[in-house]
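User: Got a model open here and I'd like to walk through it with you. Can we start with the strands and then wander?

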Amino acid sequence: MRETVLPSWWHSPSARKVLPDRPNPAPHGCPEGIYPMRQLAILAATATALPAVAQEIIVLPEITLTANREETELSRSGSSVSILTDEGMKARAAQPIAQSLSRLPGISFHQKGPLGTTGSLQLRGAPAQYLPVVMDGIDISDPAAGQPYFDIGGMTGAGIGRVELLRGAQSALYGSRAIAGVLSLQSLRPTEVGVQHRFAIEAGSYNTVLANYGVTFRQDGTDLAFSASRIHSDGFSAADENDGNFEKDGFDATRLSFYTAHEMQNGATVGINGFWERSEGEFDDFVGDVQGTPGDDYNERESYGLRSFVTFSTGAVDHELALTRYHMDRTNWSNGWGESFIGTRTKLSWQGAANLGESDARVIFGADTEKEKAKGNGNTRLSGVFAEITASLGDRVDVSASMRRDDHSRFGGFTSGRVAAVYRVADDLLFRAAIGNGFRAPSLYELFGPFGDTGLEREQSRTAEIGVEKRWENDNYLRVTAFWMEADHLIGWDDRDTPSWDDDGYAQVQGKARRKGVELDGRYAFGVDHALTAAYTYTDNDISSEWAEVPVHNLSLGLETSFTTGTTAAILLQHVADRPGDKDDFTTVDLLLSHPLQDRAEAYLRVENIFNEQYQIDEGYGTPDRSVYAGIRASF
């Protein structure tokens, strides 16, 4: 966590002063982060733009936007949260964003080949469908998928300004599927008053070319942002070339996103944001590449998301109303035959928040209703109400307690809850703990698809975690978290113990699945411009029924340094060991270099897998050899 030094006129969370160019202070109840992100963005610009003159300063700690559905200081949250910013990802614009995420504690990454093939994230050993992915306040998990999750295999870091990973059962606040946690992504946002442009161009191995452009505007209570990116890559064979496969599997994608918000004189804010993406990615089926066959296995995808919102206050209560819609249209083509999957998700939500009397206790409450539709597989509706209370017990302890009641159109109601607490023994030492439960409703495909079962019940889980964080000067820190997770009523694949596929399908699996482990991450700065970083996850794969499988050990190490010339360098090592299915351990090393060309422009070089390690993440599927990418980025 890096703290930002601010001038005294900037309002702190405890002193709600008004920013000079804003007519009213921002309401707190804003889970998508309209005001908090505006706050964070201006902080960065302010800290670098202010002249070095004598003035009173304050320090504003880093905040989380997801742990309590509104801005919360990380040091006052009992949840385990990791945050990536634009600064930390900009040198990896064309790299799959999942590779950056895989260096965070608790994350395992699976992909069946090069960029654009099927990719998924597993958090704390739980399946991908237990981790909802939210982009600018829009749930982008595929509503038409067999077990719905967001296919992250084609997403790069281009145009992503902030990533927040919230761990642990979160169904009490976020509803179905938030069993392992929630992954929140945010696109480009304004950081300075006026018009600002930014662009990046990158080229490298596998004939990969990426171009990204963004423009933002801020003036008189209005925020506007637009970004566009285009990527092409010839790729490599999805089925491992070391097993005799030979056809390259390429990827092309275009993505547009926008954000608008305007604060009116009465303090209300209205806005709309959204994105559109089209891509085509080649893949290999389970047979692999066969000489003389057309080799025309590919996916076509087109998706869009829209979100309209309004925030306002009525007396002591801050409100937010939001309407979102997500649409996915994908077709899988294989040897001239295509299968189409079309799904939509529409959600209406309301959230309120208010302080409780004269204390610093705060209550957050709300309701939402969501309808999912999949072409040929019907529809379902899930509606819920929730409430959370956060309070301080003295100067050292903060507690939050949340509860949610959901009603599903197929299986009825479910109640989920969560309690989290943080104890600050000292300013530089704190303990965290959380316990909660969660659920996942069966998908439309699991219920009504050709292999579905309309009698399926919800999956259920319980999680707990306890952690400690120690901080030192120079932004040095060490965090250790122990976690435990159990799930039952699992939905899995049943082959009915027959040789025929005709009677196979989804079914409720007997028994339970458990995960327990330890996450560790830290940073140690030495000298003036050098730092070591580390993240490690140990996962005990205690499986008594069908579930995901992840490595026992996942270690990431980093060395960062900068030189008097302005050049910065980083070496990143990842070691994965004790993998399921007796797969071999592997170690990869990457190098990142950047050098300033002029004010607000720089060139960069990224070398991935320096030692050309040969390994497979998913059995039978290839991974990149040594790869080199170079680019230029600038803002003005």
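Analyst: Sure. One term before we start: two strands count as paired if DSSP finds at least two bridges between them. And keep in mind that this is a predicted model.

User: OK, so which residue stands opposite V163 in strand 11?

Analyst: That's L185.

User: And which strand pairs with strand 11 over seven bridges, and in what sense?

Analyst: Strand 10, residues 160-167, and the pairing is antiparallel. Another facing couple there is I160, which stands opposite S187 of strand 11.

User: What about strand 8, how many bridges join it to strand 11?

Analyst: Three, and here the two strands run parallel. Strand 8 covers residues 133-135, and its V133 stands opposite L183 in strand 11.

User: What's the strand order of the open sheet?

Analyst: It goes 5-10-11-8-9, so five strands with mixed pairing. At the edges you have strand 5 (81-85) and strand 9 (138-139), each of which pairs on one side only.

User: How many residues of strand 11 are buried?

Analyst: Six of the seven, counting over residues 181-187, so strand 11 is largely enclosed by the rest of the structure.

User: Zooming out, how many helices and strands does the protein chain have?

Analyst: Five helices and 33 strands. The chain has 636 residues, and 54% of them count as buried.

User: How much area does the chain expose?

Analyst: About 26600 Å², with carbon and sulfur atoms supplying 56% of that.

User: And what share of the contacts comes from residues 24 or more positions apart?

Analyst: 60%, taken over contacts with a separation of 6 or more.

User: Back to the details. Where is D151 found?

Analyst: In the loop between strand 9 and strand 10.

User: Is D151 buried or exposed?

Analyst: Buried: its relative accessible area is 18%, and the cut-off for buried is under 20%.

User: Which residues does D151 touch, leaving out those up to four places away?

Analyst: T117, T118, G119 and R301. With R301 there's a side-chain to side-chain polar contact at 2.7 Å. The D151 side chain also reaches the backbone nitrogen of G153, at 3.1 Å. As for G119, its C-alpha atom is 5.4 Å from that of D151, although the two residues are 32 apart along the chain.

User: Switching to T561: which strand is it in?

Analyst: Strand 29, residues 553-562.

User: What does the T561 side chain make a polar contact with?

Analyst: The side chain of H530, at 2.5 Å. Beyond neighbours within four places in sequence, T561 is in contact with D529, H530, T567, T568 and A569.

User: Now the rings. How many aromatic pairs are there?

Analyst: With ring centres required to lie within 6.5 Å, the count comes to 13. Take Y206 and F236: their centres are 5.2 Å apart and the planes sit at 50 degrees, so that pair is tilted.

User: Where do Y206 and F236 lie?

Analyst: Y206 is in the loop between strand 12 (194-204) and strand 13 (208-219), and F236 is in strand 14 (residues 222-236), so the pair ties together parts that are 30 residues apart in sequence. Y206 is partly exposed at 23% relative accessible area, whereas F236 is buried at 7%.

User: And why does the pair F586 and Y615 count as stacked?

Analyst: The planes are at 15 degrees, with the centres 4.2 Å apart, and stacked means planes under 30 degrees apart. F586 sits in strand 31 (residues 586-598) and Y615 in the loop between strand 32 (601-608) and strand 33 (627-635), so the pair links distant parts of the chain, 29 residues apart. Both rings belong to buried residues: F586 has a relative accessible area of 8%, and Y615 has 16%.

User: Which residues do ring pairs link into a cluster?

Analyst: F341, Y445, F451, W493 and Y506.

User: Last one: which arginine lies over the face of Y259?

Analyst: R189, at 3.8 Å from the ring centre. There's also R479, which lies over the face of Y477 at 4.1 Å from the ring centre.

Key. Residues numbered from 1 in each chain as written. Predicted model: local features only at pLDDT ≥ 70, side-chain atom pairs only at ≥ 80, totals over all residues. Heavy atoms only, no water. Phe/Tyr/Trp six-rings, centres within 6.5 Å; stacked < 30°, edge-to-face > 60°. Helix = DSSP H or I, 4+ residues; strand = E, 2+ residues; numbered from the N terminus. Buried < 20%, exposed > 50% of the residue type's maximum accessible area, 1.4 Å probe, protein only. Lys NZ or Arg CZ within 6 Å of the ring centre and 35° of its normal. Contact = heavy atoms within 4.5 Å. Areas by Shrake-Rupley, 256 points an atom, 1.4 Å probe, with all protein chains shown as cover. Polar contact = N/O pair within 3.5 Å; in protein donor to acceptor, adjacent residues only side chain to side chain.
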